[in-house]
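Here is a short tour of a protein chain, written to be read with the model open beside it. Please take a look at the structure, then follow along section by section.

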Amino acid sequence: MSDEAYMRAALALARRGLGETAPNPSVGCVIVQQGRVVGRGRTATGGRPHAEVAALAMARGQARGATAYVTLEPCNFTGKTGPCTEALIEAGVARVVVGATDPHPKVNGAGILRLRAAGVSVTMGVLEQECRAVISGFVMTVTQGRPLVRLKLASTLDGRIATSTRESQWLTGESARRAAHAMRGRHDAVLVGVGTVLADDPELTCRIDGFRKAPLVRIVIDSHLRTPLMSKLVRGAAEHPLWLLHRDGADPARRKALQGAGVKTMELPSSAAGVDLAAGAKMLAQAGLTRILCEGGGALAAGLLRANLVDRLAWFHAPGIIGGDGWPAAQGFGLTKLAAMPRFIPVSCERWGDDWLTTYRKAA
């Protein structure tokens with residue numbers, strides 16, 4: 001098999017960890033000895049142990065003289081774990097094939113230099129773009145100080161998410177809804193506005209048995225702490241973390257009651273639209289989140305687009321039309337010139353039952 005084939009196997013492992021390894025990136029590692037895979041591993045839930053350590057534990061003595069395929073440059077500093085470079089060197093690995101360099105200032109090529117100084121052959125950049133896509137949330141936190149934000153919308157063909165009477169369940173079919181739950185499962189947190197909470201009383205969990213081990217953080221932009229104490233979100237806060245982002249000056253008694261129910265409240269500066277979403281994104285990165293899935297509704301979608309915080313777009317279209325009196329997927333956000341319109345580049349299009357999912361990434 002080729003280097004690309006083994007790296008694809010490592011990538012498959014890395015993708016399985018998406019949403020469960022924050023604040024660390026999800027990394028995959030495959031160790032090959034004379035054409036046979038003798039060890040495999042991915043970053044564990046919570047970020048430890050690292051993929052290389054897990055793969056070496058499986059390989060044991062068979063790692064000596066072997067080739068390790070790693071989707072991300074091995075770390076070369078002591079944090080909560082020892083350096084993966086030293087683990088590879090001590091195990092006697094002869095060659096390391098790396099997908100992408102680590103942008104973290106403590107690594108950023110130092111891992112490669114350490115391996116080569118120890119006599120280990122290193123090959124760089126195998127399936128680099130695919131490897132970078134997996135760590136895109138981690139890269140965003142390191143380079144921009146905020147998580148990657150994916151906006152998920154489910155609308156009719158004319159971009160409506162509810163009728164004029166706010167009826168919205170269900171626009172899409174069962175297959176599309178299952179795909180949306182899987183999408184939740186691959187993120188660190190799911191984000192909605194308080195309007196969605198008041199209208200739908202959602203749970204915001206990944207309801208696919210066995211899909212993930214780590215609990216999914218639920219986040220609500222709730223300027224005035226209106227989330228009801230008897231909502232499903234609050235009642236489930238002990239099992240699934242619930243964070244409310246509110247504006248400064250919110251009712252202290254209300255905040256205390258929510259905190260007593262196990263809710264984490266996070267104060268943000270006020271803005272004309274409620275709270276400063278850019279400041280909120282930085283706060284969420286500082287709290288250890290790297291990948292956030294926003295599920296609306298229209299006011300929050302508009303706010304994120306206005307603040308240039310949408311990095312990926314996942315749009316489910318149901319084959320129906322509601323008309324202009326329905327609720328739009330994104331409410332108005334002051335756009336007056338086409339040149340200022342947020343633009344996205346198509347990535348993929350796939351069918352789920354009778355519905356279509358189109359994904360995009362932000363244009364540079």
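## Two leucines with positive phi

Leu127 counts as buried in this predicted model, with a relative accessibility of 13%. Its place is the loop between β5 (121-123) and α5 (128-134). The backbone of Leu127 deserves a glance too: phi is near 55 degrees, a positive value in a residue that is not glycine.

Leu225 tells a similar story in another loop, the one between β9 (217-221) and α9 (232-235). Leu225 is not a glycine, yet has a positive phi of about 55 degrees. At 2% relative accessibility, Leu225 is buried.

## Cis peptide bonds

Which residues does a cis peptide bond with omega of about 5 degrees join? They are Ala22 and Pro23. Pro23 sits in the loop between α1 (3-16) and β1 (28-33).

Another cis bond runs from Arg48 to Pro49, here with omega near -5 degrees. Pro49 also belongs to a loop, between β2 (36-42) and α2 (51-59).

## The chain as a whole

Let us step back for the overall picture. The secondary structure of the protein chain amounts to twelve helices and 18 strands. Its C-alpha atoms fill a box of roughly 65 × 45 × 40 Å along the principal axes. The radius of gyration is 22 Å, in agreement with the value near 21 Å expected for a compact globule of 364 residues.

Of those 364 residues, 48% count as buried. Among contacts with a separation of 6 or more, 72% come from residues 24 or more positions apart. The chain exposes about 16800 Å², and carbon and sulfur atoms supply 52% of that area.

For a sense of distance, try Gly324, in the loop between β15 (312-318) and β16 (327-328). Gly324 is exposed, with 65% relative accessibility. From its C-alpha atom to that of Pro147 the separation is 34 Å, and the two residues are 177 positions apart along the chain.

## Salt bridges

How many salt bridges does a search of the whole structure find? The search finds nine. One of these joins the side chains of Arg114 and Glu86, at 2.6 Å from N to O. Arg114 lies in helix α4 (residues 110-117) and Glu86 in helix α3 (residues 84-90), so this pair ties together parts that are 28 residues apart in sequence. Both partners are partly exposed: Arg114 has a relative accessibility of 28%, and Glu86 has 22%.

A further salt bridge brings together the side chains of Arg184 and Glu295, at 2.7 Å from N to O. This pair links distant parts of the chain, 111 residues apart: Arg184 is in helix α7 (residues 174-185), while Glu295 is in the loop between β14 (291-294) and α12 (298-306). Arg184 is buried at 10% relative accessible area, and Glu295 is buried at 15%.

The side chains of Arg351 and Asp354 form a salt bridge as well, at 3.6 Å from N to O. Here Arg351 and Asp354 are both exposed. Finally, a network of salt bridges links Arg146, Asp311 and Lys362.

## A buried arginine without a partner

Arg150 is part of strand β6 (residues 148-156). Is this residue, with no salt bridge, buried or exposed? Arg150 is buried, and the nearest side chain of opposite charge, that of Asp311, is 9.1 Å away. A salt bridge needs the nitrogen and oxygen within 4 Å, so Asp311 is out of range.

What surrounds Arg150, once neighbours within four places in sequence are left aside? Its contacts are Met183, His187, Arg291, Ile292, Leu293, Cys294, Arg312 and Ala314.

## Cysteines

The count of disulfides comes to zero. Why does Cys206 have no such bond? The closest cysteine sulfur, in Cys294, is 17 Å from the sulfur of Cys206, which is too far for a bond. Cys206 itself is buried, with a relative accessible area of 17%. Cys294 has already appeared above, among the contacts of Arg150.

Notes. Residues numbered from 1 in each chain as written. Predicted model: local features only at pLDDT ≥ 70, side-chain atom pairs only at ≥ 80, totals over all residues. Heavy atoms only, no water. Disulfide = S-S within 2.5 Å. Buried < 20%, exposed > 50% of the residue type's maximum accessible area, 1.4 Å probe, protein only. Helix = DSSP H or I, 4+ residues; strand = E, 2+ residues; numbered from the N terminus. Lys, Arg positive; Asp, Glu negative; His and termini not counted. Contact = heavy atoms within 4.5 Å. Rg over C-alpha atoms; globule rule 2.2 N^0.38 Å. Areas by Shrake-Rupley, 256 points an atom, 1.4 Å probe, with all protein chains shown as cover.
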